[in-house]
Amino acid sequence: MDLRSELLKSIWYAFTALDVEKSGKVSKSQLKVLSHNLCTVLCIPHDPAALEEHFRDDDDGPVSSQGYMPYLNKYILDKVVEGVFVKEDVDELCWTLTAKKNYKPAGGSILAHKDAFRLWCLFIFLSEDKYPLVMIPDEVEYLLKKLCMAMSVELNGVELEDFISQGSVQQNGFTVWAFLEMMNTGRLTRGIAKESISMAIEEVYREIVGDVLKEGYLWKKGQLRRNWTERWFTLKPNALDYYISEDRKDRKGSITLDSNCCVEVLPDRDGKRCMFCLKTISKTFELSASDTKQRQEWTSAIQTAIRLHAEGKTSLHKDLKQKRREQREFRERRREAKEQELQHLRNLQEERERKMAELELLKEAQRQAQILLQQEEERRRKQHEELQQALEEQLREAEEARACMQAEMALKEAEAERQQRRIKELEELQQRLEEALHQEVKARQDEEAFRYTQTRLLAEEEEKIKALMSLQEEQEECIQRAQREKQELKQEMETKSRALEEAQRQLEEVRANRHRVDQDVVAAQRKLRQASTNVKHWNVQMNRLMHPIGPGEKRPSVGGFHSSFRIPMQKDPGLRLWQKSSEQDEESKENAARGDADKKRLSQGSNGDIDVH
């Protein structure tokens, strides 16, 4: 089904919604509005002149669908470019028009308006390419099975059969409004929450209409920093997109898929398990799944997308729909061939019965001929006796009568030979009829053998379904076990968080002690500098006192202290005082050095605490 056919199906619903009187025609003013809106959502430049020219006001009255199709094809559909517009916007426009007229759910319906729109889109995708649009029961059952599989429940086949047998379903299939009414009644989804139904409808809508082959979380290895990051991946037939989260608002990148791509399984390394890689012409992307089953599903889905691209197909479900249609046509042809074969067998049976009736008639004619022959012989015998009695009297007449009798006997013998040949032909015909009956019996035996093979295949299919159900139960057990492990990891993370908060509190205390020690060291250094200044001042004063001024001498200035300074003796009390001040100065420097060393040790200790935690 191409893009034009998909758009025509949606536009057909919009056109029929505008047909208020159900006459098959729509007013020109409404068609103008519809055409303008279609050009808007399809991103086609408007042509007001052509619109007014085609739908100018005259006395022709409303326009039928056949009258609207030339304008629709020439000025709208022929200008459509795939990828320029959003198909969902076109569907939403047509749904808005048709839902106002036809979709009127009763109170207590289980479908939201958005879910009804998605089911309408799914109906259009799976409906037959005939108008009015209907969906055959096989496709309805396929769609309901997909929804039930998304909700992890089993389809109620009894309710479906009851609904199909009702009068609201047409002979050729379901209408979309009957289908939505069936879904709103809740008979097929009894006991399931509305949220689960909505999520299942969205999942099936994205898979079938949105061409999403698979989506989920995977770990991806970066191309530059080579670190592992968890991303939400969405696989389509032509690309593999990945986002930050499952809301798909911020797309981080896209991997284009073509026939040159391939996928390979990788061994576990770098602390990652269930790894595989996707190779393109220019890059290789390393990915990691949560388990082996997910890796198998992802690799199979990517290989399916590559195969579709290699075969020139753009949608998996379009291909599956075409295959289902071909299978239905094949089954229909087989059914018709079987009916023709049965009709042929019935004709053979009727022919055989007719031949048998003819044979009975021939046998009856043969019996009548024998009776007549016996009667004729009896009559000839009597005549012969009469002739014998009259022989003596009329010898000449007897001789002539005898000659006549002999000629008549020859004719009768020829007639008897012809009857004998006819009987032989009838016996051969009976033999051929018996052979045809034998072939019919053999054909029925072959048919019974085929039916036995079909029964065996159905039994094998039931066994496979049971195996699938057991695998599904194992999957649910694995999910529960994963949830328990997740809860344990969460508790462990809370314990580590509390330990980290305790370590941070201790670190803050150490930093506070370090700050107080730094302040004490600064104060000690300030006192040390003051003491050193005082010592130098008192040294100068002591030198002055140790060198008394003689008569006629001037007191040296402070600037000439070093030039007039003399080396004192060891016993000089001023020298001892200076040595004592020098020792105090050295002791203060050692204290400052020890303070710096303590400061460095404290900083190293605080850094060590940070590294440990």
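**Pocket, sheet and two odd cysteines**

Trainee: So the lining of the second largest pocket splits into 13 nonpolar, seven polar and 17 charged residues. What makes a residue count as charged here?

Mentor: Asp, Glu, Lys and Arg are the ones that count. Keep in mind that this is a predicted model. Among the residues nearest the pocket's centre are K87, D211 and K236; two are Lys and one is Asp, so they count as charged. V209 and G210 are also among the nearest; Val counts as nonpolar and Gly as polar.

Trainee: Which element gives the most to that lining?

Mentor: α6, with five residues. The others that give two or more are α1 (3-18), α5 (87-102), α10 (194-208) and β5 (239-243). The pocket holds about 1200 Å³ of space.

Trainee: On to the sheet. What makes β6 and β7 the edge strands?

Mentor: Each of them pairs on one side only. The order is β6-β5-β4-β3-β9-β8-β7, an open sheet of seven antiparallel strands. From one strand to the next the twist averages 35°.

Trainee: How do you know that β7 pairs with β8?

Mentor: Pairing takes at least two bridges. Four bridges join β7 to β8 (residues 275-279), so the two strands pair. They run antiparallel, and V265 has F276 in β8 as its bridge partner.

Trainee: What lies across β3 and β4?

Mentor: Helix α11 (residues 292-310) does, and it also lies across β5, β7 and β8. Against β3 the helix runs at about 105°.

Trainee: What makes the phi of C43 stand out?

Mentor: Most residues other than glycine have a negative phi. C43, in the loop between α2 (28-41) and α3 (48-54), has a positive one, near 55°. C274 also has a positive phi near 55°, and sits in the loop between β7 and β8.

Trainee: Why is C274 called buried, while C43 is called partly exposed?

Mentor: Buried means under 20% relative accessible area, and exposed means over 50%. C274 is at 3%, so it counts as buried. C43 is at 47%, which falls between the two cut-offs, so it is partly exposed.

Trainee: Last one: how do you know that the peptide bond from Y131 to P132 is cis?

Mentor: Its omega is near 0°. Most peptide bonds are trans. P132 lies in the loop between α6 and α7 (137-151).

Terms used. Residues are numbered from 1 along each chain as its sequence is written. This is a predicted model: local features need pLDDT of at least 70, side-chain atom pairs count only at pLDDT 80 or more; totals for chains, interfaces and linings use all residues. Side-chain values use heavy atoms; hydrogens and water are left out. On a 1 Å grid over the protein atoms alone, a cavity is a set of points where a 1.4 Å probe fits but cannot get out, and a pocket is an open set with protein on both sides within 12 Å along at least five of seven lines; lining residues have an atom within 4 Å of a point. Grid points are joined across faces, edges and corners, and a volume is the space filled by probe spheres set on the points. Axes are lines fitted to C-alpha atoms, for helices over the stretch in contact, and angles run from 0 to 180 degrees between N-to-C directions. Contact means heavy atoms within 4.5 Å. Buried means under 20% relative accessible area, exposed over 50%, partly exposed in between (1.4 Å probe, protein chains only).
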